[in-house]
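Work through the exercises below with the structure open beside the text, trying each task before reading its solution.

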Amino acid sequence: LTMGTSTHFLLTLTLTIGFIATSLLVSAFSLEGDMNNGPVCGYDQVTYPSKEACHAAGQGVMHCQACGQCSNRYDINIYNQTKETLTKTSTRCAYVTVFLGEAAGRECMNLAVGFTQSCNECWMEDIECDKKHCMLTCFKQKIIGHKPPPNSTKLDPCLQCDETNCGPGFKVCAGANRRRCGIVSDIDRPSDQLCTIVDAYPYSPPLATN
């Protein structure tokens, strides 16, 4: 490779990694239908079939959908604290993972974000999944420059790759993500794609009426 070709390749690779890192955030917030009318994770970290079942057990709703490794108040508090910065931070740690290895990327996430160990592993697994399944797709997209039309809800090929290959596994592993917790973040999403049935903590059951 010539110097100019090498520089172009490294620039393209860097931009591609940025796409991959962003895609892992998208997998955390991908469409799940009407999440407000399905299973919920209670503050006791038990998955209930519905909000009503959770309340009947005397528990508040911690987030929509099933519990996972990030389904605890510590990690959800981090989601809240980093709602405007998590995309940028995880992108930086994805760069570290690709160029310096998984151990370095894991340490980056530990120091820069601070999730619990089990939650952090879900994020690292998603980064590794994107590297395995989506690197070539994202690389080709960056070269070709294909993007969906403006105001389209269709994902570009890179993000669709992550959605298809890595998103389902991430959600099963993590359980809680920002959208499931009703947290408006640095990823712009319509309000109807947020969980709206999260209960305040500590949960106080409504008083019975005669």
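**Exercise 1. Aromatic pairs**

The model is a predicted one. Decide whether tyrosine 79 is buried or exposed, and then work out how tyrosine 79 and phenylalanine 115 are arranged as an aromatic pair.

*Solution.* Begin with accessibility: tyrosine 79 has a relative accessibility of 1% and therefore counts as buried, and phenylalanine 115, with a relative accessible area of 5%, is buried as well. Next, take the geometry of the two rings, whose centres are 5.5 Å apart and whose planes make an angle of 70°. Since planes over 60 degrees apart count as edge-to-face, this pair is edge-to-face. Then place the partners along the chain: tyrosine 79 belongs to helix α3 (residues 73-81), whereas phenylalanine 115 sits in the loop between α5 (102-112) and α6 (117-144), so that the pair links distant parts of the chain, 36 residues apart. Finally, widen the view, and one aromatic cluster appears that is formed by Tyr79, Phe115, Trp123 and Phe170.

**Exercise 2. A second ring pair**

How many aromatic pairs does a search of the whole structure find, and why is the pair of tyrosine 43 and tyrosine 201 called tilted?

*Solution.* The search of the whole structure gives 5 aromatic pairs. For tyrosine 43 and tyrosine 201, the ring centres are 4.9 Å apart and the planes stand at 55°, so this pair is tilted. Turning to position, tyrosine 43 is found in the loop between β1 (40-42) and β2 (47-48), and tyrosine 201 in the segment after α8 (167-174), so the pair ties together parts that lie 158 residues apart in sequence. As for accessibility, tyrosine 201 has a relative accessible area of 46% and is partly exposed.

**Exercise 3. Two aspartates**

Which residues are in contact with aspartate 75, leaving aside its neighbours within four places in sequence, and what does the side chain of aspartate 199 reach at 2.8 Å?

*Solution.* Start with aspartate 75, which is placed in helix α3 and, at 0% relative accessibility, counts as buried. With its neighbours within four places in sequence left aside, aspartate 75 is in contact with Gln69, Cys70, Phe115, Thr116 and Cys119. Of these, phenylalanine 115 is 40 residues from aspartate 75 in sequence, although their C-alpha atoms are 5.6 Å apart in space.

Now turn to aspartate 199, located in the segment after α8. Aspartate 199 is buried yet has no salt bridge, the nearest side chain of opposite charge being lysine 51, at 7.3 Å. What the side chain of aspartate 199 does reach, at 2.8 Å, is the backbone nitrogen of valine 61. Apart from neighbours within four places in sequence, the contacts of aspartate 199 are Tyr43, His55, Gly60 and Val61.

**Exercise 4. Salt bridges**

Find how many salt bridges there are, and trace which residues are linked in a network of them.

*Solution.* The count comes to 3 salt bridges. In one of them the side chains of glutamate 102 and arginine 106 meet, with N to O at 2.7 Å; these residues are 4 apart in helix α5, and are therefore separated by about one helical turn. Arginine 106 also meets the side chain of glutamate 121 in a salt bridge, at 2.5 Å, N to O. Because glutamate 121 lies in helix α6 and arginine 106 in helix α5, that pair ties together parts 15 residues apart in sequence. Joining these steps, Glu102, Arg106 and Glu121 are linked in a network of salt bridges. Each member can then be checked for accessibility: glutamate 102 is partly exposed at 35%, arginine 106 is partly exposed at 22%, and glutamate 121 is partly exposed at 24%.

A further salt bridge joins lysine 131 to glutamate 128, with the closest N and O atoms 3.6 Å apart. Both residues lie in helix α6, 3 residues apart, which is about one turn of the helix.

**Exercise 5. The span of a helix**

What should the 15 residues of helix α4 (residues 86-100) span, and how far apart are the end C-alpha atoms?

*Solution.* The expected span is 1.5 Å times one less than the number of residues, so helix α4 should span 21 Å; its end C-alpha atoms are 20 Å apart, which agrees. Several residues of α4 are buried, among them Leu86, Cys93 and Val96. After α4 comes glycine 101, which has a positive phi, near 110°.

Technical notes:
Residues numbered from 1 in each chain as written. Predicted model: local features only at pLDDT ≥ 70, side-chain atom pairs only at ≥ 80, totals over all residues. Heavy atoms only, no water. Phe/Tyr/Trp six-rings, centres within 6.5 Å; stacked < 30°, edge-to-face > 60°. Helix = DSSP H or I, 4+ residues; strand = E, 2+ residues; numbered from the N terminus. Buried < 20%, exposed > 50% of the residue type's maximum accessible area, 1.4 Å probe, protein only. Lys, Arg positive; Asp, Glu negative; His and termini not counted. Salt bridge = Lys/Arg side-chain N within 4 Å of Asp/Glu carboxyl O. Polar contact = N/O pair within 3.5 Å; in protein donor to acceptor, adjacent residues only side chain to side chain. Contact = heavy atoms within 4.5 Å.
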